[in-house]
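Trainee: I would like to go through this model term by term. Please set each value against its cut-off.

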Amino acid sequence: MLDTPRSSLDYPGNRTLLAWTLACFACLIAWDASGQDLAMAQLFGSEAGFPLREQWFFVHVMHEGARRLGWVVVLLLALGVWWPKGILRQLQLSERLQLASSALLALAVISIFKNISNTSCPWDLAEFGGVARHVSHWALGILDGGGGRCFPAGHASAGFAFLGGYFALRRRHPRAAWVWLGASLLAGFILGGAQQVRGAHFMSHTLWTAWLCWTAGWLWDMAFQAWRQHAVFLDSTPATLGASQHRAHS
């Protein structure tokens, strides 16, 4: 009897992933409610501003250099769809496509949120020598008097955007998937931390970037799972099976 395509949540592990994703979402809400963003920012800045805002290493290496490196990795993944090297050779075409496109999707999601955000950066706030006032990024439609477009953390997405690679790798290479996940998280938090030291972002901005990139990668994975299942289902229709059986008996 022919099986019908399953719901994406019925795939092994997806319900567990949903539980973890929702748990992390609850932790993010708790962090926002705690009001610790300002307290953490005050570790690196004062009314005189952020001393490391224009420091050479943080500007040219951790910001500009890391951003360029992130785009180089995206380009290499895109080229790897058609000209795979290394571990990419062991992935199916659809998995390589998922790996590359998930990074682009995550970057697009963060960019969209930033462009519609009214939240300004810490260095724009009056507490740190600016003119804006601190307003929660949940206060939709309320302007803080600054330039806005600072939530979530765009620079941290140069690391977190690759979280979706975990899903593309986990079926064939679970060990590599965990290494990829750890490296993406480490890169994202290092880049996000560097921007917090400069006064460009609050901790919540970095945490939300991680969650949004993870969720975008997971949803993209479910879309690819559904597509693969649908393709298999179509290839196994009664007409196709009947034709195959007819050829076998000829």
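The talk below takes up helices, burial, aromatic pairs and pockets.

Mentor: Start with the ground rules. The model is predicted: local features need pLDDT of at least 70, side-chain atom pairs count only at pLDDT 80 or more, and totals for chains, interfaces and linings use all residues. Residues are numbered from 1 along each chain as its sequence is written, and side-chain values use heavy atoms, with hydrogens and water left out.

Trainee: How many helices and strands are there in the protein chain?

Mentor: Nine helices and zero strands. Helices (H or I, at least four residues) and strands (E, at least two) are DSSP runs, numbered from the N terminus.

Trainee: Why is Y166 called buried?

Mentor: Buried means under 20% relative accessible area, exposed over 50%, and partly exposed in between (1.4 Å probe, protein chains only). Y166 has 8%, so Y166 is buried. F167 is at 0%, so F167 is buried too. Across the protein chain, buried residues make up 43% of the 250 residues.

Trainee: What makes Y166 and F167 an edge-to-face pair?

Mentor: Rings of Phe, Tyr and Trp (its six-membered ring) pair if their centres lie within 6.5 Å; planes under 30 degrees apart count as stacked, over 60 as edge-to-face, and the rest as tilted. The whole structure holds 13 aromatic pairs. For Y166 and F167, the centres are 5.2 Å apart and the planes meet at 75°, so the pair is edge-to-face.

Trainee: How do you know that W220 and F224 also fit?

Mentor: Their centres are 5.5 Å apart, with 70° between the planes, so this pair is edge-to-face. W220 and F224 sit four residues apart in helix α8 (residues 203–235), so about one helical turn separates them. W220, at 29%, is partly exposed. F224, at 9%, is buried.

Trainee: Which residues form one aromatic cluster?

Mentor: F25, W138, W208 and W211.

Trainee: Why is R53 said to lie over the face of W123?

Mentor: A charge sits over a ring if NZ of Lys or CZ of Arg is within 6 Å of the ring centre and within 35 degrees of the ring normal. R53 lies at 3.9 Å from the ring centre of W123, so the distance test is met.

Trainee: What makes a space a pocket?

Mentor: On a 1 Å grid over the protein atoms alone, a cavity is a set of points where a 1.4 Å probe fits but cannot get out. A pocket is an open set with protein on both sides within 12 Å along at least five of seven lines, and lining residues have an atom within 4 Å of a point. The largest pocket has about 430 Å³ of space. Of its 19 lining residues, W20, C24, L185, W211 and W214 are closest to its centre. α1 gives the most to this lining, with seven residues.

Trainee: Which residues lie nearest the centre of the second largest pocket?

Mentor: F113, H137, W138, L140 and F151, out of 18 lining residues. The second largest pocket has a volume of about 340 Å³. The largest share of its lining, three residues, comes from α8.

Trainee: Is S117 buried or exposed?

Mentor: S117 is at 12%, so S117 counts as buried. The place of S117 is in the loop between α4 and α5 (157–160). With contact meaning heavy atoms within 4.5 Å, S117 touches G148, R149, C150 and F151, not counting residues up to four places away in sequence.

How values were computed
Points joined across faces, edges and corners; volume = space filled by probe spheres on them.
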